[in-house]
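These are my notebook entries on one chain. I looked up its pockets, its domains and a few single residues.

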Amino acid sequence: MHHFTYRDGRLFCEDVALDTIADAVGTPVYVYSSATLKRHARVIAEAFDGMSCLIAYSVKANGNLAVLRTLANEGCGADVVSGGELKRARAAGIPASRIVFSGVGKTRSEMRLGLEEGIHQFNIESSAELAVLADVAKSMGKTAKVAVRVNPDVAAGGHPNISTGKSGDKFGVPWSEAELAYDQIAETDGIEAVGVDVHIGSQIDEIAPMQAAFERVIDLIKRLRDKGHAISRVDLGGGLGIPYKSSDTPPPPSDYANMIREVTEGLGLDVILEPGRVIAGNAGVLVTEALFVKPAPQRNFLIIDAGMNDLMRPALYQAHHDFMPLRERPEDAEQVRYDIVGPICESTDKFAAERLMPRIEGGDRLAIMSAGAYGAVLSSQYNARPLVAEVLVDGDQYAVVRRRPEFEEMVALENIPDWLS
Ligand code: LLP
């Protein structure tokens with residue numbers, strides 16, 4: 001559920017008309033709904049009511065400081081995958097004790113930062129990484145709490161590019177080596193095993209693959225405990241899918257939570273979750289303006305002012321996003337098929353093919369729906385376009401939470417060497 005609805009023919013985010021924001025801030029602009037973010041965080045927390053469960057919001061989905069602060073205020077922790085994300089989470093007020101550090105390639109300085117901050121745990125993805133973390137921790141006179149991310153060899157996820165739990169994927173320690181990794185930790189100073197971690201993919205639309213992976217992980221935890229490893233935590237990652245179109249029916253958080261409740265029953269484990277998309281995805285839209293319609297043989301190109309540099313998902317994963325005009329059209333309005341494309345000089349700069357829409361004219365504004373996760377975070381300045389702006393709405397108020405940079409700021413980090421002058 002989200003808070004983007006028509007009122008008297010105009011598309012609103014909570015109590016603010018999106019047109020009002022587009023007039024004031026320009027387009028393209030991401031608009032996030034605080035009420036939706038909070039609702040999603042609460043629905044998940046409530047689904048796990050009564051369990052010891054840390055909701056470590058996955059910062060990679062949307063790391064805007066105002067979004068993070070909103071979720072920090074709801075009690076969320078954070079799952080981070082870089083020193084930069086760790087600093088973002090801390091700057092937004094998320095306590096270090098609620099932060100897990102994931103990611104397949106942490107540098108020594110990132111490990112040091114995590115240890116200085118005193119984060120909850122490191123999720124480690126290889127025996128080599130364990131050795132380096134132990135070395136860094138020892139040099140600081142500390143012991144790092146770790147969970148090994150295991151690769152359970154279970155396929156899941158909405159697209160091959162976002163599936164991570166199959167053997168052959170770069171993620172996690174191969175299943176056959178998982179126990180050895182814990183033996184390595186037991187023999188190494190500077191690291192202490194506290195948990196097991198798994199994350200098999202993203203935009204997962206059924207419970208079964210998650211359950212299969214989690215059951216394997218629970219079996220592993222039992223074996224590790226039998227061997228004397230004190231495993232008290234299980235990190236089950238993120239991955240729960242969201243509806244991008246009305247026909248999508250991902251499992252509700254309550255089904256997901258009930259499955260986890262059953263799988264972990266009676267083991268006294270502290271559960272960690274790393275939801276990203278399910279919290280942020282439907283809490284944001286990208287507002288864009290139609291520039292022109294270009295009829296071409298067998299095609300109508302609808303050219304909008306948002307490009308693949310602003311929203312990469314369609315180009316990267318052939319992802320579907322609904323489009324809603326900011327001015328509501330009558331139900332019997334004439335429908336036209338459009339290829340909706342951006343201004344970038346790439347053929348992959350295409351948001352939809354042959355999409356049936358009410359007739360759109362240059363100057364009409366549209367909201368690209370479900371763009372709150374993996375939208376602005378993946379944006380770039382390709383084609384020397386300024387980074388897309390972001391706005392947060394809360395009730396009847398809104399604020400620009402990332403402004404569009406000036407041209408001078410975009411080139412401020414560049415330098416023309418003396419020998420060229
Ligand atoms: N934990 C780990 C270790 C992850 O790698 C991810 C996502 C998450 C948690 C959060 O997963 P979520 O709950 O959001 O599914 N850019 C792609 C998605 C990439 C997902 C990367 N990892 C997209 O736009 O579909």
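**Terms and basis.** I take helices (H or I, at least four residues) and strands (E, at least two) as DSSP runs, numbered from the N terminus. I work from a predicted model, in which local features need pLDDT of at least 70, side-chain atom pairs count only at pLDDT 80 or more, and totals for chains, interfaces and linings use all residues. Residues are numbered from 1 along each chain as its sequence is written, and side-chain values use heavy atoms, with hydrogens and water left out.

**Overall form.** I counted 12 helices and 21 strands in the chain. The C-alpha trace spans about 70 × 60 × 45 Å along its principal axes. I compared the radius of gyration, taken over C-alpha atoms, with the globule rule of 2.2 Å times the number of residues to the power 0.38. The chain has 23 Å, which agrees with the value near 22 Å for a compact globule of 421 residues. I call a residue buried under 20% relative accessible area, exposed over 50% and partly exposed in between (1.4 Å probe, protein chains only). On that scale 54% of the 421 residues are buried. Contact means heavy atoms within 4.5 Å. Among contacts between residues at least 6 apart in sequence, 69% join residues at least 24 apart.

**Domains.** The chain is divided into domain 1 (4–31 + 281–410) and domain 2 (103–273), with bounds from an automatic or database domain assignment. The centres of the two domains, taken over C-alpha atoms, are separated by 36 Å. I found 11 residues of domain 1 in contact with 8 residues of domain 2.

**Pockets.** I searched a 1 Å grid over the protein atoms alone: a cavity is a set of points where a 1.4 Å probe fits but cannot get out, a pocket is an open set with protein on both sides within 12 Å along at least five of seven lines, and lining residues have an atom within 4 Å of a point. Grid points are joined across faces, edges and corners, and a volume is the space filled by probe spheres set on the points. For the linings, Ala, Val, Leu, Ile, Met, Phe, Trp, Tyr, Cys and Pro count as nonpolar, Asp, Glu, Lys and Arg as charged, and the others, Gly among them, as polar.

Where does the largest pocket lie with respect to domain 1 and domain 2? It lies between them, because both give residues to its lining. Its space is about 690 Å³. Of its 31 lining residues, Lys60, Thr164, Phe171, His199 and Tyr374 lie nearest the centre. I sorted the lining into 8 nonpolar, 13 polar and 10 charged residues.

The second largest pocket holds about 400 Å³. Met1, His40, Ile242, Pro243 and Asn282 are nearest its centre, out of 23 lining residues. Helix 2 (residues 34–47) supplies the largest share of this lining, 4 residues. Domain 1 and domain 2 each give at least three residues to it. The classes are 14 nonpolar, 6 polar and 3 charged.

**Cavity.** I found 1 cavity of 30 Å³ or more, with about 50 Å³ of space. Its lining includes Ile44, Leu240, Tyr256 and Val278. By class that lining has 7 nonpolar, 2 polar and no charged residues.

**Helix 5.** In helix 5 (residues 108–117) I noted Glu110, Met111, Leu113, Gly114 and Leu115 as buried. The partners of these buried residues include helix 4 (83–91), helix 6 (127–139) and strand 9 (144–151). Gly118, just after helix 5, has a positive phi of about 80°.

**Single residues.** Ser33 is in strand 4 (residues 29–33) and is buried, at 0% relative accessibility. Leaving aside residues up to four places away in sequence, I list among its contacts His3, Cys13, Glu14 and Val393.

Most residues other than glycine have a negative phi, and most peptide bonds are trans. I therefore checked the departures from this. A cis peptide bond joins Thr27 and Pro28, with omega about -5°; Pro28 is in the loop between helix 1 (18–25) and strand 4. Tyr374 is not a glycine, yet has a positive phi of about 60°; its relative accessibility of 16% makes it buried. Asn383, also not a glycine, has a positive phi of about 65° and is partly exposed at 34%. Tyr374 is in the loop between strand 19 (365–368) and strand 20 (389–394), and Asn383 lies in the loop between strand 19 and strand 20.
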